[in-house]
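Here are some short exercises to work through with the model open beside you. Try each task yourself before reading its solution.

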Amino acid sequence: MPASPSTARAINDRLALRLLQQEGPLTAGQLKQLTGLSRPTVADLAERLTAAGLIAVVGESGEQRRGPNARLYGIVADRAHLAALDVRTEGVSVVVSDLLGTELARASVPIADDTGTGPAVEQAVALVERAAKEAGAERLHTVGIGAPGLIDPATGELRDSSGLPEWHRRLVAALQERLPARVTVENETNLAALAEQREGAARDRDTFVLLWLGHGTGAAVVLDGRLRRGASGGTGEIGFLPVPGTGALPSATDCEGGFHSLAGSAAIARLAQEDGLVAAGPAHEPQAAALVRAAAATPSSPRAARFLDTLADRLAIGAAAVVAVLDPGCVVLAGEVGQAGGDVLAARVEERLVRMSPLPAEVRASTLGGDAVLRGALLTARDGAQDELFGPSPR
């Protein structure tokens with residue numbers, strides 16, 4: 001059956017808005033060419049979207065032709081403001097942007113281990129409110145949160161997980177109470193994979209696995225373009241993967257003895273110490289990232305080469321297990337440590353995978369590093385806001 005007039009208008013509106021989002025400001029003639037719609041239909045949707053406050057005339061085209069220049073239409077970026085949070089055990093970072101994803105404010109706050117749940121939540125919420133004020137946002141439309149731990153696939157809520165601060169779960173509820181905004185939460189590693197696929201190292205891949213290497217370890221699985229979460233939301237808890245070389249086994253409540261004991265930040269720092277490596281880095285990133293970055297900058301040094309080779313041996317153990325089960329064809333070494341190792345570390349891991357697995361798997365270094373979680377949270381918030389705002393027109 002043909003679409004009703006109202007449905008057809010909604011489809012045309014969304015098509016035009018998506019094009020304006022992807023291409024930037026366009027003239028009515030360019031919209032006609034890109035959409036294949038008639039000139040009267042384009043004129044009608046331009047009038048309708050302008051009246052709805054979603055687009056506006058932002059200038060004139062520079063085309064050389066007779067008569068006046070054509071008007072350029074663009075999305076009204078401040079139609080909605082968004083926030084993205086990266087929630088870690090040691091603190092919170094936030095970015096506030098407009099509807100097109102342009103960053104307007106960025107801030108972070110450390111939260112000490114001995115901070116009580118109530119004060120920790122208040123610090124985080126106040127951080128978001130200050131960033132929104134700095135960005136000139138009277139209200140936030142959507143807030144996307146990236147946090148460690150499991151997300152309940154049925155409710156979309158952060159599950160109670162041992163080893164993680166109570167204030168993480170309380171923060172989500174507090175933001176929903178304090179802000180007139182839609183609040184969503186997703187596992188941090190999953191958001192990093194989304195960002196790497198949309199803007200980073202996996203832009204040409206619809207199937208890949210991302211290994212997060214930061215303070216802790218994690219993985220995200222993207223198959224046929226879809227993020228896979230598993231029956232309980234626990235896909236990618238690779239820190240618990242039993243592996244040789246740890247001298248113990250992980251438990252249901254503690255990943256020590258699992259892959260985390262080989263590839264977590266503390267384990268990498270101990271390995272560097274054994275090889276006599278020292279390096280200083282920014283306070284906000286894991287010490288392991290500074291050590292790996294320094295080694296990757298001088299890979300021909302005997303100490304650096306020995307350290308990188310041993311680290312690659314360790315990472316290849318976890319990567320090979322994932323490749324054997326999922327055959328993703330591509331593994332992205334992400335997080336601060338993955339980015340710090342760059343192509344030098346990625347090549348070493350790939351070399352070992354070739355020897356260990358009959359399944360081909362390219363290994364790539366993250367291009368977004370520790371910022372990937374914030375980028376993924378912002379992309380998710382933007383997608384959600386645009387889905388709502390770019391919905392059926394009231395007319």
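**Exercise 1: A small sheet**

In this predicted model, glycine 74 of strand 3 is the bridge partner of alanine 56. Work out how the strands around this pair are arranged.

Solution.
- Step 1: Begin with the two strands that pair here. Strand 2 and strand 3 (residues 71-75) run antiparallel to each other and are joined over 5 bridges.
- Step 2: Recall how strands are held together in general. Strands of a sheet pair through backbone hydrogen bonds, in a parallel or an antiparallel way.
- Step 3: Now place the whole set. The open sheet has 3 strands in the order 1-3-2, with antiparallel pairing. Strand 1 (26-27) and strand 2 (55-60) are at the edges with a single partner strand each, so each has one side without a neighbour in the sheet.
- Step 4: Add the helix. Helix 1 (residues 5-23) lies across strand 1, strand 2 and strand 3, and runs at about 95° to strand 3.

**Exercise 2: Two sides of a helix**

Find which residues of helix 8 (residues 265-274) are buried, and what they pack against.

Solution.
- Step 1: List the buried residues, meaning those under 20% relative accessible area. They are Ser265, Ala267, Ile268, Leu271 and Ala272.
- Step 2: Look down the axis of helix 8. The buried residues fall within an arc of 165°, so they line one face of the helix.
- Step 3: Turn to the other side of helix 8, where Gln273 and Glu274 are exposed.
- Step 4: Identify the packing partners of the buried residues: helix 7 (260-263), helix 9 (287-297), helix 10 (302-326) and helix 11 (335-356).
- Step 5: Finish just past the helix. Glycine 276 follows helix 8 and has a positive phi, near 75°.

Note on methods
Residues numbered from 1 in each chain as written. Predicted model: local features only at pLDDT ≥ 70, side-chain atom pairs only at ≥ 80, totals over all residues. Heavy atoms only, no water. Buried < 20%, exposed > 50% of the residue type's maximum accessible area, 1.4 Å probe, protein only. Helix = DSSP H or I, 4+ residues; strand = E, 2+ residues; numbered from the N terminus. Arc of directions from axis to C-beta. Contact = heavy atoms within 4.5 Å. Pairing = 2+ DSSP bridges. Axes fitted to C-alpha atoms, helices over the stretch in contact; angles between N-to-C directions.
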